Amino acid sequence: MNTDRLVIRDLTKTFGTVTAVNQINMSIPQGKLYSFLGPSGCGKTTTLRMIAGLETPSSGQIIVDGRVLSDSKEVVLPEKRNMGMVFQSYAVWPHMSVWDNVAYGLKLKKMERSRIEKKVAEMLELVGLYHLRERFPTQLSGGQQQRVALARALANEPSILLLDEPLSNLDAKLRETMRFEIRSLQQRLGITAVYVTHSQDEALAVSDVIVIMRDGVILQAGSPEEVYSHPNSSFVAGFIGLANSFPARVVGAEGDAYVVELENGLQIRAAKHGKQWKTGEEVVLVIRPENISFDDWRNPGVVPNELKVKVERVSFTGSIVDYFLRIPRLSESLRCQTTPPTRFAEGQEATCYFAPEVCILTKE
Ligand SMILES: Nc1ncnc2c1ncn2[C@@H]1O[C@H](COP(=O)(O)OP(=O)(O)O)[C@@H](O)[C@H]1O
Ligand SMILES: [Mg+2]
């Protein structure tokens, strides 16, 4: 049985000579939250606008519950799609109270008055704004206004909730709390959602699946852990989380690991992780900073991937200690993060180690 709520098929959108979205394919199951993550201009908003019916595809299709809602010839009107939208700019109506903002869509639908009362109260409870129902948007903080927008979108019981950078106008602390709120609401209501963001933290925190885009194409789609631990390109590795990336060449294989050589001739063992690389192939070696451990200087060489480093820079950031380590004859430094306390000072020599399992081989 096909339980996909939303299917995007070969979707393309061009504006003059700009290809904003280039042949993307995606299926989103009922009840899941998929985030579209990528740098500014990669086509996230255009994709969302096509899903909403605000933009006509140049080619391809948008299918909801088995029905084609958009193709290059015909687009079902946004108001006929039953989708809820929340934007970066709160877009709540300034001349209406909180209550009326949420009730508006239900009145348009000619819902019975008693049912409207019940639904609006329920939605305002859900976002924690019931006690502020008489207020007007100007009397609310940004976070509260965004909750109104969310309650308004959810009141219509949309088949899909679309969110475009909903937290970008909020301060850092509120962004953090609101992302958990949105995620928990989405899960409790079992609603299907598409969440557009350029923030990797946000995408990691809220998503069932992260879809990473660049220049109008999808580079990778997977669970937060999948894309973090097994990025399929150095771009994805660098866009999701911090990554040390080194150009390398495959020089051989030993058991479960490939042997790669860095530009300084240093050989590193990297677990195969089911991937096929040929000897001589140019790859990128990716190592996450938290996967590097280091210790007092001793004579390395007993275990693989143990090397001599010099501490170049240290910064204490509260929950972590951030080290930049210099590897002999290598142009880039190696970033390493540990939990406090700070054990090494700038200029000190040390031994660092990273297990073959945490060495990811990928393409440029
Ligand atoms: N209405 C438009 N007319 C012309 N170009 C557009 C229009 N909308 C978007 N674009 C272009 O399409 C590309 C993708 O834009 P957008 O989808 O807004 O990216 P994102 O939301 O990922 O930042 C950009 O190069 C942008 O300039
Ligand atoms: Mg955008």
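Start with lysine 310: its bridge partner in S17 is arginine 326. Keep in mind that you're looking at a predicted model. The strand S17 covers residues 321-326, and six bridges tie it to S16, with the two strands running antiparallel. Together S16 and S17 make a hairpin with four residues between the strands, and there glycine 318 takes a positive phi near 100 degrees.

S16, which spans residues 306-316, has another antiparallel neighbour to look at: S19, residues 349-353, joined to S16 by five bridges. To find your way along this pairing, look for leucine 307, which stands opposite cysteine 352 in S19.

Now let's move over to ligand 1. The residues around it include Phe15, Val18 and Ala20, and then a run from Pro39 through Ser40, Gly41, Cys42, Gly43, Lys44 and Thr45 to Thr46. Sorted by class, that shell holds five nonpolar residues, five polar ones and one charged one. Strand S2 (18-29) and helix H1 (44-52) each bring at least two residues to the shell, and H1 gives the most, with three.

What do the oxygen atoms of ligand 1 find nearby? On the side-chain front, a polar atom of threonine 46 lies 2.5 Å from a ligand oxygen. The backbone joins in too: a backbone N or O atom of glycine 43 is 3.1 Å from an oxygen of ligand 1, and a polar backbone atom of cysteine 42 is 3.2 Å from one. As for cover, ligand 1 on its own has 560 Å² of accessible area, and the protein covers 58% of that.

How values were computed:
Residues numbered from 1 in each chain as written. Chains lettered and ligands numbered in written order. Predicted model: local features only at pLDDT ≥ 70, side-chain atom pairs only at ≥ 80, totals over all residues. Heavy atoms only, no water. Near = heavy atom within 4 Å. Polar contact = N/O pair within 3.5 Å; in protein donor to acceptor, adjacent residues only side chain to side chain. Areas by Shrake-Rupley, 256 points an atom, 1.4 Å probe, with all protein chains shown as cover. Nonpolar A, V, L, I, M, F, W, Y, C, P; charged D, E, K, R; others polar. Pairing = 2+ DSSP bridges.
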